[in-house]
Amino acid sequence: MTGAARAARGRRIVDMFGAEPDRLERLTLDAAGLHLDLSKQAWTLEGLDAALALARACGVEEARARLFGGERVNRSEGRAVLHPALRAPEGARFRAGGEAVSGDVEAVRDAMRDFAEGVRTGAVLSAAGRPFRTIINIGIGGSDLGPRLVHEALRALDGWLELRFASNVDGHDIAAALHGLDPAETLVVVVSKTFTTQETMANAAAARDWLRAGLGKRGDQHLAAVSAAPEAAAKFGVSPDRVFAFRDWVGGRFSVWSPVGLSCAARFGWARWSAFLDGAAAMDRHFVETPLERNAPVLMALAQVFNANGLGRRARAVVPYAQRLRLLPAFLQQLEMESNGKSVTADGKPVPRPTAPAVFGDAGTNGQHAFFQLLHQGTDVIPVDFIGVARSEEGPEGAQTKLLANLLAQAEALMIGRSEAEVRRELEAKGLDRVTLDELAPQRTFPGDRPSTLILMERLTPEALGALLALYEHKTFVEGVLWGINSFDQWGVELGKVLAGRILPELEGAAEGAHDPSTAALIARLRG
Ligand code: F6P
């Protein structure tokens with residue numbers, strides 16, 4: 001990869017189109033209803049071939065087969081990783097560690113459908129005999145970001161249930177979620193794989209108290225739960241027939257397809273929820289069946305590794321030109337950085353090269369007026385994923401075309417840049433004196449040659465959204481294979497949790513602990 005990157009370094013991306021007549025053809029493709037353009041990446045076609053050879057040498061095809069075959073690819077936790085089983089059509093035959101799981105997946109999906117549809121249609125009534133009007137989804141990380149993104153992305157679709165979210169242990173979050181609601185018409189869905197997460201447990205207890213304050217003991221009838229620890233949910237007070245379980249082979253950040261999506265299924269209806277799953281299943285088929293050369297997740301992963309390892313790019317921006325996808329960067333931060341933010345391999349050795357770059361972003365065009373200055377002229381080159389939606393009828397006439405014009409313009413500008421000579425010519429024509437010209441011209445020059453990938457969907461439908469999220473899931477997995485790391489554990493989040501558990505009683509004045517001088521001084525200040 002580094003050799004290929006060295007070769008590409010001397011060449012400008014824009015010039016590669018002339019030198020490589022089949023560049024566009026080889027680097028654009030369609031997958032599960034999405035169109036991808038990777039031709040503005042910094043690789044030559046030779047570089048692409050080297051990247052594909054690397055993928056084969058690293059065993060991407062074999063790893064893919066192991067994942068879909070239900071082998072325990074999450075080695076450090078001894079678990080299979082089978083989120084594709086959750087979105088497979090009826091009759092699939094997934095096995096996790098040898099055990100048949102598709103029948104169980106379908107049974108839970110049916111129970112989830114009955115409950116979600118019951119809530120949506122009013123067949124499931126509140127303890128007060130009224131239809132539910134609001135659902136509060138309480139969860140954090142993978143138990144929040146996926147449903148929150150789906151809700152935001154699809155909320156233009158009709159439906160009269162209001163969906164709110166509470167994730168942060170900051171008391172403001174649950175207070176804001178409950179604000180103005182009538183407990184008699186509110187359903188609280190507690191989502192937690194482990195059912196031990198501090199933030200979720202605190203918010204769930206607050207919501208349960210609120211329900212009980214309004215409805216007495218009947219308030220518990222307004223609780224539902226989604227968890228891989230169903231006994232813990234029942235112990236919390238959720239009626240067992242309202243606990244929707246999933247298995248430990250579903251990773252939190254890959255869990256939106258499981259009952260974790262319950263509140264979205266109720267909000268949007270089962271037909272749309274199924275369409276969302278179908279879109280992801282179509283991307284699964286593409287990923288499994290397509291040769292690496294035309295495989296969308298594989299090519300996206302290779303582009304990232306080419307940028308990160310070949311060219312030393314330590315960050316990537318994600319800019320969806322769709323306000324409704326503005327939460328995609330936050331979702332991808334967990335998916336990519338929690339999965340691949342690691343410095344040791346799956347067998348415990350230090351990784352020999354950098355792994356996941358930092359991911360950040362915002363909706364376009366908003367981001368253009370915030371961080372794009374740095375993308376165009378900063379000292380770091382930051383590759384960008386642009387996501388576009390070809391057609392939308394929302395809002396005033398012409399708005400969508402303006403949005404698309406900005407999308408194309410930004411990707412083009414990043415690549416072609418603007419030379420100092422051209423800027424000088426323009427300023428000279430304006431009659432600027434030499435001193436001003438020498439000062440201004442470099443500042444108004446755009447280096448260009450900044451890579452990007454563009455993903456285009458026809459419309460922001462549930463299917464397209466499902467395909468997009470599955471595309472990023474598989475891309476993340478392939479990167480993990482290329483880096484030799486386990487993308488499915490997250491030991492790096494543990495230490496902070498343990499220390500928070502120690503510091504809490506110290507802040508409450510109930511314990512004393514030994515700390516570094518800085519932390520000790522801050523604890524004293526906050527306790528005082
Ligand atoms: O941040 C760590 C983490 O374990 C994530 O991986 C997970 O999505 C999140 O916490 C929430 O966990 P749970 O669903 O068990 O409450």
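These notebook entries record what I looked up on one helix and on the aromatic rings.

I worked from a predicted model, in which local features need pLDDT of at least 70 and side-chain atom pairs count only at pLDDT 80 or more, while totals for chains, interfaces and linings use all residues. Residues are numbered from 1 along each chain as its sequence is written, and side-chain values use heavy atoms, with hydrogens and water left out.

**Helix 7**

I took helices as DSSP runs of H or I with at least four residues, numbered from the N terminus. I checked the span of helix 7 (residues 102-121): the expected value, 1.5 Å times one less than the number of residues, is 28 Å, and the end C-alpha atoms are 28 Å apart, which agrees. I noted that Gly122, just after helix 7, takes a positive phi of about 90°.

**Aromatic pairs**

I searched the whole structure and found 14 aromatic pairs (Phe, Tyr or Trp rings, the six-membered one for Trp, with centres within 6.5 Å; planes under 30 degrees apart are stacked, over 60 edge-to-face, the rest tilted). Trp273 and Phe276 form a tilted pair, 5.0 Å centre to centre with 45° between the planes. Both lie in helix 13 (residues 270-289), three residues apart, about one turn of the helix. Trp273 is buried (under 20% relative accessible area, 1.4 Å probe, protein chains only) because its value is 3%; Phe276, at 0%, also counts as buried.

I next examined Phe287 and Phe477, an edge-to-face pair at 6.4 Å and 90°. This pair links distant parts of the chain, helix 13 and helix 20 (residues 462-483), 190 residues apart. Phe287 and Phe477 are both buried.

Technical notes:
Helices (H or I, at least four residues) and strands (E, at least two) are DSSP runs, numbered from the N terminus. Buried means under 20% relative accessible area, exposed over 50%, partly exposed in between (1.4 Å probe, protein chains only).
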